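Opening the notebook on this one. I want to look at the ligand site and then at a pocket.

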Amino acid sequence: MNTTSTMNKPLADKKALVTGGARGIGAAIVKRLAEDGASVAFTYVSAQSKADELVQEIKSAGGQALAIRADSADAGAVKGAVEEAIQAFGGIDILVNNAGIASLTPYDQFDLEEFDRMVAVNMKAVFVAVQAAGPQMKQGGRVINIGSVAAEFNPFTGNSLYVSTKAAVAGLTRALARDLAPQGVTVNNIQPGLIDTDMNPANGPSASVVNMVPLGRYGRASEIASLVAYIASPEASYITGATLNVDGGGSV
Ligand SMILES: NC(=O)c1ccc[n+]([C@@H]2O[C@H](COP(=O)([O-])OP(=O)(O)OC[C@H]3O[C@@H](n4cnc5c(N)ncnc54)[C@H](OP(=O)(O)O)[C@@H]3O)[C@@H](O)[C@H]2O)c1
């Protein structure tokens, strides 16, 4: 690989899997990793047409992409998605655990089946994906979890379970960083603040708290993808076990 192509495409020859990659923050991450030269597989559960469009967009630009239907609430499906991505591209270098769900529901009305689903998607799936991908990852591999700054600062009522699952992601990140370090794989946690997506639209409940953000606005999904791209790159070789906030200062 020559120096110019390494500079333009820092992830050339890398193989990535992003969970929940058809829309929102996940789609921005998929696009950015592909722009940086990676072959990118991503999962979706409901957004099939968006998934198909994204694959076409990346392929039209000369990249490699693969959409895999896999419900993150189903551990077998998560494991299967990792195996399918490895099979398709011949390995895995970058795993981005992005799929997530949220619900602002009063604690005394929270349905316990929904409790189990949120724990399965936001937390258990992260562990299962690392269990499946970790042993296949080589020196320079990257696990990047998408937590939430809500784990540190939560301005909403009815958010206790979501906050707990994202705090668990931060804990998993720290402990898994030690587990994967001997094989030269880093594990980090990126915590978005208010990002304008279907989960958290700029005209939704968070509109009432955006004035608490020092930078005074919602973030863009591409602003999360920028940090993912950096952490995925060789530049970030000495960062592991870290939790990094991208929140316009909302947690200070
Ligand atoms: N937006 C924010 O302000 C914000 C702030 C902090 C953290 N985050 C975190 O950032 C991540 C992405 O959030 P977002 O704002 O982009 O949310 P979003 O717009 O609601 O998109 C959610 C993504 O997760 C996928 N997903 C949900 N349930 C899934 C399941 N059971 N199996 C597989 N995929 C599933 C969705 O897939 P389909 O498209 O197929 O439904 C979609 O790609 C989440 O982990 C979220 O907690 C977001």
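**Pocket and ligand notes**

I started with the lining of the second largest pocket, and I count its residues by class as 4 nonpolar, 5 polar and 4 charged. Worth keeping in mind throughout: this is a predicted model.

Next I looked up the volume of that second largest pocket, and got about 230 Å³ of space. I find 13 residues lining the pocket, and Ala34, Glu35, Ala61, Gly62 and Gly63 sit closest to its centre. For secondary structure, I see helix 2 and helix 3 (48–60) as the elements that each supply two or more residues to this lining. Helix 2 gives the most, with 3 residues.

Then I moved over to the ligand. I get 31 residues around the ligand, with Arg23, Val45, Ser46, Tyr162 and Thr197 coming nearest. Sorted by class, I have 15 nonpolar, 11 polar and 5 charged residues in that shell.

Which backbone atoms are polar partners for ligand oxygen? I noted a polar backbone atom of Ile25 at 2.8 Å from an oxygen atom of the ligand. Gly20 also offers a polar backbone atom, 2.9 Å from a ligand oxygen. For Ala47, I read 3.0 Å between a polar backbone atom and an oxygen of the ligand.

I also checked how much of the ligand is covered: on its own it has 880 Å² of accessible area, and the protein covers 96% of that. Helix 2 (24–35), helix 5 (112–133) and helix 6 (160–180) are the elements I listed as giving two or more residues to the ligand shell. So noted, helix 2 turns up in the ligand shell and in the pocket lining.

Note on methods
Residues numbered from 1 in each chain as written. Predicted model: local features only at pLDDT ≥ 70, side-chain atom pairs only at ≥ 80, totals over all residues. Heavy atoms only, no water. Near = heavy atom within 4 Å. Polar contact = N/O pair within 3.5 Å; in protein donor to acceptor, adjacent residues only side chain to side chain. Areas by Shrake-Rupley, 256 points an atom, 1.4 Å probe, with all protein chains shown as cover. Helix = DSSP H or I, 4+ residues; strand = E, 2+ residues; numbered from the N terminus. Nonpolar A, V, L, I, M, F, W, Y, C, P; charged D, E, K, R; others polar. 1 Å grid on protein atoms, 1.4 Å probe; cavity = no way out; pocket = protein on both sides within 12 Å on 5 of 7 lines; lining within 4 Å. Points joined across faces, edges and corners; volume = space filled by probe spheres on them.
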